[in-house]
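Here are a few exercises to work through with the structure open beside you. Try each task before you read its solution.

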Amino acid sequence: MGFTDVLLPDDVRNEKLLKADPLYDRLSESQREEAIAAAVLTGEKYAVWVHRHFKETNIIDVLHTLGVQVKCEQVPDARLIPYSIYHVKTQTITLNVNIIEALVEDLLQFSSDIPQKELFQNVVNVILFHELFHHLEEARFGKASKQYKARVINFSIFSISSGIKALSEIGAHTFTKACIGDLDAYLNISTKEVFHNGF
């Protein structure tokens, strides 16, 4: 996941993610709005399911109950390495700890009142909720990317449609925020200040 995406205002984030999808230019303005609305609704529905089935939304307990393993790795420090990966076949989330630690170091400059260890754990929780959404897509409810399709090839008699991959990310960010609530308060940072400083 791109961690800073979850900190953006919802409409800005959703438009940014959809614009990055290869199918973006094939969608009309109304289709773009419908696709985003479908992904947001999916994220919200999955969050309602979690709140309904788990009295305490402690992410580690939720993942444990659902049989999802979490493992930590140290990886070569590189810009293109993600903070985490969900492995479908093994139902495992891998956290790239040193990449997350570097993120936390950067975020600390925008926070005045939270210990580094607590900020690290809260950032990890945000990442784990994001990956939980992808697990729910794969193991329980179906992919958000397939819930709204765009026409990619038109023939005279028939057409071929494809799911929009960006919708899974839009759904995951919506789900994360719905599960956690106000991220500024949770992380004890000002997202406006984060983006004002070009983070």
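Before we start: buried means under 20% relative accessible area, exposed means over 50%, and partly exposed is whatever falls in between. Keep in mind that this is a predicted model.

**Exercise 1. Salt bridges**

Task: Find the salt-bridge partner of Lys143 and decide whether Lys143 is buried, partly exposed or exposed.

Solution: Start with the partner. Lys143 makes a salt bridge with Glu138, and their closest N and O atoms are 3.4 Å apart. Next, check accessibility. Lys143 has a relative accessible area of 33%, so it is partly exposed. Glu138, at 36%, counts as partly exposed too. The model has six salt bridges in total.

Task: Compare that with Arg13: which residue does it bridge to, and how accessible is each partner?

Solution: Arg13 pairs with Asp10, with 3.0 Å between the closest N and O atoms. Both sit in helix 2 (residues 10-19), three residues apart, which is about one turn of the helix. Now for the accessibility. Arg13 has a relative accessible area of 1%, so it is buried, while Asp10 is partly exposed at 41%. One last step: follow the shared partners, and Asp10, Arg13 and Lys177 join into one network.

**Exercise 2. The nonpolar core**

Task: Find out how many residues the largest nonpolar core has, and which of them have the most contacts inside it.

Solution: As background, nonpolar side chains tend to be buried together in soluble globular proteins. Here the largest core has 45 residues, and Phe3, Val123, Leu132 and Phe175 have the most contacts inside it. Then ask who supplies it: among the elements giving at least two residues each are helix 1 (3-7), helix 3 (29-53), strand 3 (92-96) and helix 7 (166-180). Helix 6 gives the most, with ten residues.

To see one of the core residues at work, pick Val123. Leaving out residues up to four places away in sequence, Val123 touches Phe3, Ile100, Leu103, Val104, Leu107 and Leu187. There is also a second, separate core of 13 residues, including Leu23, Leu27, Ala166 and Leu167.

**Exercise 3. Aromatic pairs**

Task: Classify the Tyr46 and Phe141 pair, then say which helices it links.

Solution: The description of a ring pair takes two numbers, the distance of the centres and the angle of the planes. The structure holds six aromatic pairs. For Tyr46 and Phe141, the centres are 4.7 Å apart and the planes are at 35°, so the pair is tilted. Tyr46 lies in helix 3 and Phe141 in helix 6, so the pair ties together parts that are 95 residues apart in sequence. As for accessibility, Tyr46 is buried at 4%, whereas Phe141 is partly exposed at 34%.

Now try Trp49 and Phe54. Their centres are 6.0 Å apart with 70° between the planes, and the pair is edge-to-face. Trp49 is buried at 13%, and Phe54 is buried at 12%. Finally, put the pieces together: Tyr46, Trp49, Phe54, Phe129, Phe133, Phe141 and Phe175 form one aromatic cluster.

**Exercise 4. Cysteines**

Task: Count the disulfides, then say whether Cys72 and Cys179 are buried or exposed.

Solution: The disulfide count is zero. Cys72 has 54% relative accessibility, so it counts as exposed. Cys179, at 8%, is buried.

Methods
Residues are numbered from 1 along each chain as its sequence is written. This is a predicted model: local features need pLDDT of at least 70, side-chain atom pairs count only at pLDDT 80 or more; totals for chains, interfaces and linings use all residues. Side-chain values use heavy atoms; hydrogens and water are left out. A disulfide is a pair of cysteine sulfur atoms within 2.5 Å. Buried means under 20% relative accessible area, exposed over 50%, partly exposed in between (1.4 Å probe, protein chains only). A nonpolar core is a set of buried Ala, Val, Leu, Ile, Met, Phe, Trp, Tyr and Cys residues joined through side-chain atoms within 4.5 Å. Helices (H or I, at least four residues) and strands (E, at least two) are DSSP runs, numbered from the N terminus. Contact means heavy atoms within 4.5 Å. Rings of Phe, Tyr and Trp (its six-membered ring) pair if their centres lie within 6.5 Å; planes under 30 degrees apart count as stacked, over 60 as edge-to-face and the rest as tilted. A salt bridge is a side-chain nitrogen of Lys or Arg within 4 Å of a carboxyl oxygen of Asp or Glu.
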